[in-house]
There are 2 protein chains.
Amino acid sequence: MTYKSDIEIAREAKMQPIQEIGKKLGIPEKDLLPFGHDKAKVSAEFIASKRSGNDGKLILVTAINPTPAGEGKTTTTVGLGDGLNAIGKKAMVCIREASLGPCFGMKGGAAGGGYAQVVPMEEMNLHFTGDFHAITSAHNLLSAMIDNHIYWGNEQDIDQRRVAWRRVVDMNDRALRDIVTSLGGVSNGFPRQSGFDITVASEVMAILCLALDINDLQKRLGDIIVAYRRDRSPVYCRDIKADGAMTVLLSQAMQPNLVQTLENNPAFVHGGPFANIAHGCNSVVATTTALKLADYVVTEAGFGADLGAEKFMNIKCRKAGLAPSAVVLVATVRAMKMNGGIAKADLGAENVAAVQAGCPNLGRHIENLKSFGVPVVVAVNHFVTDTDAEIKALQDYVVEQGSEAIVSKHWEHGSKGSEALAIRVAEIADAGLANFAPIYPDEMPLLEKIETIAKRIYRADEVIADQKIVAQLKQWEEQGYGHLPVCMAKTQYSFSTDPNLRGAPTGHSVPVREVRLSAGAGFIVAICGEIMTMPGLPRVPSAESIMLNDEGQIEGLF
Amino acid sequence: MTYKSDIEIAREAKMQPIQEIGKKLGIPEKDLLPFGHDKAKVSAEFIASKRSGNDGKLILVTAINPTPAGEGKTTTTVGLGDGLNAIGKKAMVCIREASLGPCFGMKGGAAGGGYAQVVPMEEMNLHFTGDFHAITSAHNLLSAMIDNHIYWGNEQDIDQRRVAWRRVVDMNDRALRDIVTSLGGVSNGFPRQSGFDITVASEVMAILCLALDINDLQKRLGDIIVAYRRDRSPVYCRDIKADGAMTVLLSQAMQPNLVQTLENNPAFVHGGPFANIAHGCNSVVATTTALKLADYVVTEAGFGADLGAEKFMNIKCRKAGLAPSAVVLVATVRAMKMNGGIAKADLGAENVAAVQAGCPNLGRHIENLKSFGVPVVVAVNHFVTDTDAEIKALQDYVVEQGSEAIVSKHWEHGSKGSEALAIRVAEIADAGLANFAPIYPDEMPLLEKIETIAKRIYRADEVIADQKIVAQLKQWEEQGYGHLPVCMAKTQYSFSTDPNLRGAPTGHSVPVREVRLSAGAGFIVAICGEIMTMPGLPRVPSAESIMLNDEGQIEGLF
């Protein structure tokens, strides 16, 4: 039997006009700003008008550590959303927007797969509604205004050696990681060493995703620390007077984007920080608005539960006052086998022992998630090559952990394949079993917060941070930033900082290479191990095979 | 009497849904890709379907050298378009998109003024439909792929000292003019000196504006020379395999943007190279499509006629097979006075002698434009402070030059104020007086082309180019690029390369500092004098006062 590719299925989608999708949520046409016939932004006025309504139930979809086998977190998020709608629930999906950088590197599309996709897939993987471009512009306007401020006399007395604000580009471009700017003489300013990060790691991205509304956005932008003076006092974005123009650049980007699933159910796709180098969750505005419009909101957080879910709980939920009713942890038989030591080429053959050997990775995520006080159900995202014995081994393991694993076939069958999962998740959410709390309190010292995550989530023995980093954290505490949560930057491939250490490693240590204060977003970034805030392109980037075919369709993007 | 500001007038506009505007041109709703309720892209299918129709008449609006007094070229373009519609002609306007960079520096909006504006003004001055962001992304994807190619083994044997392709950002950021990239060790690549230009100077912008359709776009992108090998042979964009992905990134940006004037007449706003550092004209696709949809197409070219109009004639019309039926040269009494030596603060007082002293700048532009074989009419963009005697002095001067000057009050009265101009321009265009030809042939050697423009348009005595530049031009001729036209990069403020030399200077020389080959766009760029391809921000950038007001409206952008 042959299966259609994701893009073939997406091209056959019978999309409804976006106004029809809006109608299902009670959004009038005047409050939908169309982008083409199949995408729209929801007006700020409409969102404000819903603020007093009741909230639906929030369901987080997360996953085991990613492997080259593919787990299908977004696919499962979409499949579960469609499944809930199919069993008569009013549900919607909230996911993140895709970054251009990885699309031209080697990552596939970020809109689900098989019969559980969000459309229009091509545009979601390209410019979409321009939100990332707006974020890039706002970020780099601030950068230009800082250097311009220094150039014209430096009234704020910025210490040029202590400019903390870099530049960003939505591209994988290793050549820009570490650069010297302002060469070429007097008219180009004062030379200094700086660099570019990828847009998804921008504090502006984090602010857009955490801001409650446009006023909160401007306040947070103003709070960004861009540099320090010679007396070590911070220079804020509002000292440079960039916050107003940045807010103007971001005002449309703050409005959530409405699209649809292949089954014509509504989905918000808004914001897109990566979970390895940023906080990994779609926007608070999208999630809180969706909770007013639907009875069940299915959302995802990036990469494995050690990164995305941890930050969803400790940062997004804490800051926005959200509480998940249930967590769905996605696993696949294939990924279990890879965690059990099998190479990708050998995944085709049945291997129950390898599934069992890989299960501890899953088990640790279950245990971690439960420690936030939320009920966990494992979704086995079904591949057509999975054997009954392999599935049974996985399910048996999960039951031993005091949880349950439900096989879901949304990839192959859409909502018909995910009904069982949807029924059970709705039951769990309705039962009110959750008693959510972040795993560390605001008042815990910053280094202790890092240690708490490293020890309780990653199961490391220790955190290694040199004196400079410890002193920096202390200084921020003295300046009043000690109450902030910590956003860990770490490889997504392992619980540890070594991407090759699969399964459920113990006895490792977590080296903190650098810490950054995101005073506007409201967290401290701890960069651990070798992780980079600007990725590079692979030897053969997928961009080489992306092109228009003779029918004008896009090939090679997925 | 007090007058409303541009933004106050724009906010009072009674806009029609963009589908209604499309209907006036015979564009069905399915061929309009909406961006909000008041902007839309026209489908490539619709454009292709019109290819065999008859062409309307093309009218170019250009101006004297710009002064801080303001000339109102876009304002007059819009006013004339509305005037033509008001006298019963089927007319449309084609102008360029605005760049974000100058918006945050000190330039006002780029959508006209008074009662002759294109709307929605705020969005046109911000992200609009994302075309510039798409151009920036496509340009920088190629940059990243070049460095990535070198990083992974440099199969094409690129000489790292001879990478010609820089990066771009749509921002005024002098710190990025001259940088060193790839510092920080092995994993960041090979350090080399490079820099950023502003997006409007990107060859990708020029290609988008000169390409006939999407296939031509991809071919031209492939033709870009990105570097040279050790044997001096060129490395093309298609050698790096970036042309396909760049085309995908640009496929939507290739579609012209439809908006409306305050009087609900259709306007295309598409592409936006600056005329001082690039070729200064809106896209060929927009202009050629407009000529199929309307009987009169009013378009503009950037800055003064020495830059924009010269390039419109010698580059755009030559390449696209276009021929203008008439040229409207915009002048103001105030600008004549500034050319006559009066400071901006003293423009309020009547000063007939100063008007007369400044007129030679106008006279030279008239003469230059006539040398292309096109009839010229001067539009006196009326300011309410102009006195009758001053206007008469200007008109008398123009008559002496064998042309005519018509006062137009579109800024104050919209189409009611521009009817006289519209009637006369239509008469001239209908009379078929034009006998258009570029002022130099394809086969002229490159240096001679530069000299022709410098001597015949700028009235310089000589071109100064050192041996390295002469040798470079010779080499390009040997490589088969000798037939290309030349795109001069020069200050907009003077016929000369000295921005302070107003009026109609003679006896000056034109120093060529650098030449760049744009093999994809199809021209040679000659950078003359001190002009920069990356502007800086002023001491007090307008960004400092751009913000949302309490009603959520944008303040300070105009």
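This is a short chat about aromatic rings and the charges over them in a predicted model.

Trainee: How many aromatic pairs are there over all chains?
Mentor: The count comes to six over all chains. Take Y3(A) and W411(A) as one of the pairs: their ring centres are 5.7 Å apart and the planes sit at 50°.

Trainee: Is that one stacked or tilted?
Mentor: Tilted, because 50° is the angle between the planes, and stacked would need them under 30 degrees apart.

Trainee: Where in the chain do Y3(A) and W411(A) lie?
Mentor: Y3(A) is in the segment before α1 (6-11) of chain A, while W411(A) is in helix α16 (residues 410-413) of chain A. They are 408 residues apart, so the pair links distant parts of the chain.

Trainee: And what's the relative accessibility of each?
Mentor: Y3(A) has 34%, so it counts as partly exposed. W411(A) has 26% and counts as partly exposed too.

Trainee: OK, new one. What about F196(A) and F196(B)?
Mentor: Those rings are stacked, because their planes are at 5°, with the centres 5.5 Å apart. F196(A) lies in strand β11 (residues 196-198) of chain A and F196(B) in strand β11 (residues 196-198) of chain B, so this pair joins two chains.

Trainee: Is F196(A) buried or exposed?
Mentor: Buried, with a relative accessible area of 3%. F196(B) is buried as well, also at 3%.

Trainee: Switching to charges: which ring does R174(A) lie over?
Mentor: R174(A) lies over the face of Y151(B), 3.7 Å from the ring centre.

Trainee: And K490(A), where does that lie?
Mentor: Over the face of Y458(A), at 4.7 Å from the ring centre.

Terms used:
Residues numbered from 1 in each chain as written. Chains lettered and ligands numbered in written order. Predicted model: local features only at pLDDT ≥ 70, side-chain atom pairs only at ≥ 80, totals over all residues. Heavy atoms only, no water. Phe/Tyr/Trp six-rings, centres within 6.5 Å; stacked < 30°, edge-to-face > 60°. Helix = DSSP H or I, 4+ residues; strand = E, 2+ residues; numbered from the N terminus. Buried < 20%, exposed > 50% of the residue type's maximum accessible area, 1.4 Å probe, protein only. Lys NZ or Arg CZ within 6 Å of the ring centre and 35° of its normal.
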